[in-house]
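Let's take a walk through this fold together. Have the sequence and the 3D view open side by side, and follow along as the residues come up.

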Amino acid sequence: MNLEQTQQEVIELICNYFSITKDQMFCKRRKREFVDARFMYALWLRENTKKTYKDIGSEISDIPKDHTSCIHAIQEARNLLDKDSGFNKRYNSLPVYVYEVEDKRTRINGIKIEIHPNISAIQFKTQSQWLK
């Protein structure tokens, strides 16, 4: 599964978790479910892709956000992970995307890994499975 397919799957899962539509997730409204869904997606993008804060800001809103708005969204999502067990459980059930690596050494969520030369990519089903 490539990154774009994984992103679409994550968006669908987040929308289902919060019982909202994709349009609602990316709208300007500040309803709690919409905001939390955007926060969760921003955090997922930051932890699972090589996208910059500016790129993430463009993805989470019809009106592109600057990098400071994106940093705030990710910080709030991390706070929710600590404070809200439901948010934490939902986030940890999202798929993890791991890039194909060129030199067989990389970092995944801050953990240095080395990959066997015959393996070109790894995909884990969920973050909670990765942590086991």
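Start with Cys27: setting aside neighbours within four places in sequence, Cys27 is in contact with Phe34 and Arg38. You'll find Cys27 in the loop between α2 (22–25) and α3. Loop or not, Cys27 counts as buried, because its relative accessibility is 18% and the cut-off for buried is under 20%. Now look along the chain to Ser61, which is 34 residues away from Cys27 in sequence; the two C-alpha atoms are separated by 6.6 Å. Keep in mind that what you're looking at is a predicted model.

Let's zoom out for a moment. The protein has seven helices and four strands. Reading from the N terminus, the elements go α-α-α-α-α-α-β-β-β-β-α, so you can trace six helices, then the four strands, then one more helix. There are 132 residues, and 39% of them count as buried. As for how the chain comes back on itself, take the contacts between residues at least 6 apart in sequence: 52% of those join residues at least 24 apart.

Now go to the beginning of the chain and pick up α1, residues 3–18. This helix has 16 residues and reaches 23 Å from its first C-alpha to its last, close to the 22 Å expected at 1.5 Å a residue. What caps its N-terminal end? That's Asn2, with a side-chain oxygen 3.2 Å from the backbone nitrogen of Glu4. Next, find the buried positions on α1: Leu3, Thr6, Gln7, Val10, Ile11, Ile14, Cys15 and Phe18. If the spacing of that list catches your eye, here's the background: an α-helix has 3.6 residues a turn, so residues three or four places apart point the same way.

One of those buried residues deserves a stop. Gln7 sits in helix α1, and with a relative accessible area of 8% Gln7 is buried. Which residues does Gln7 touch, leaving aside neighbours within four places in sequence? The partners are Tyr41, Trp44, Leu45, Lys51 and Glu59. With Tyr41 there's also a polar contact, in which the two side chains are joined at 2.9 Å. Asn48 is 41 residues from Gln7 along the chain, yet their C-alpha atoms are separated by 9.6 Å.

Follow α1 off its far end and you hit Ser19, in the loop between α1 and α2. Buried or exposed? Ser19 counts as exposed, because its relative accessibility is 65%. The backbone here is worth a click, too: Ser19 has a positive phi of about 55° although it is not a glycine. For context, most residues other than glycine have a negative phi.

Back to Leu45, one of the contacts of Gln7. Leu45 lies in helix α3 and counts as buried, because its relative accessibility is 0%. Not counting residues up to four places away in sequence, Leu45 touches Gln7, Lys51, Ile56, Glu59 and Ile60. Compare that with the Gln7 contacts, and you'll spot Lys51 and Glu59 there as well. A longer hop in sequence goes to Tyr97, 52 residues from Leu45, with 9.5 Å between the two C-alpha atoms.

While you're on α3, rotate the view to see how this helix meets α5. The axes of α3 (residues 32–48) and α5 (residues 67–83) come within 8 Å and cross at roughly 100°. That makes α3 roughly perpendicular to α5. By class, their contact has nine nonpolar, no polar and five charged residues. On the α3 side you'll see Asp36, Phe39, Met40, Ala42, Leu43, Arg46 and Glu47; on the α5 side, they meet Ala73, Ile74, Glu76, Ala77, Arg78, Leu80 and Leu81.

For a last stop, move on to helix α6 (residues 85–92), where you'll find Gly86. Gly86 counts as partly exposed, because its relative accessibility is 30%. From here you can look back to Tyr17: the C-alpha atoms of Gly86 and Tyr17 are separated by 9.8 Å, with these positions 69 residues apart along the chain.

Methods: Residues numbered from 1 in each chain as written. Predicted model: local features only at pLDDT ≥ 70, side-chain atom pairs only at ≥ 80, totals over all residues. Heavy atoms only, no water. Helix = DSSP H or I, 4+ residues; strand = E, 2+ residues; numbered from the N terminus. Expected span 1.5 Å × (residues − 1). Buried < 20%, exposed > 50% of the residue type's maximum accessible area, 1.4 Å probe, protein only. Polar contact = N/O pair within 3.5 Å; in protein donor to acceptor, adjacent residues only side chain to side chain. Axes fitted to C-alpha atoms, helices over the stretch in contact; angles between N-to-C directions. Parallel < 35°, antiparallel > 145°, perpendicular 65-115°, else oblique. Contact = heavy atoms within 4.5 Å. Nonpolar A, V, L, I, M, F, W, Y, C, P; charged D, E, K, R; others polar.
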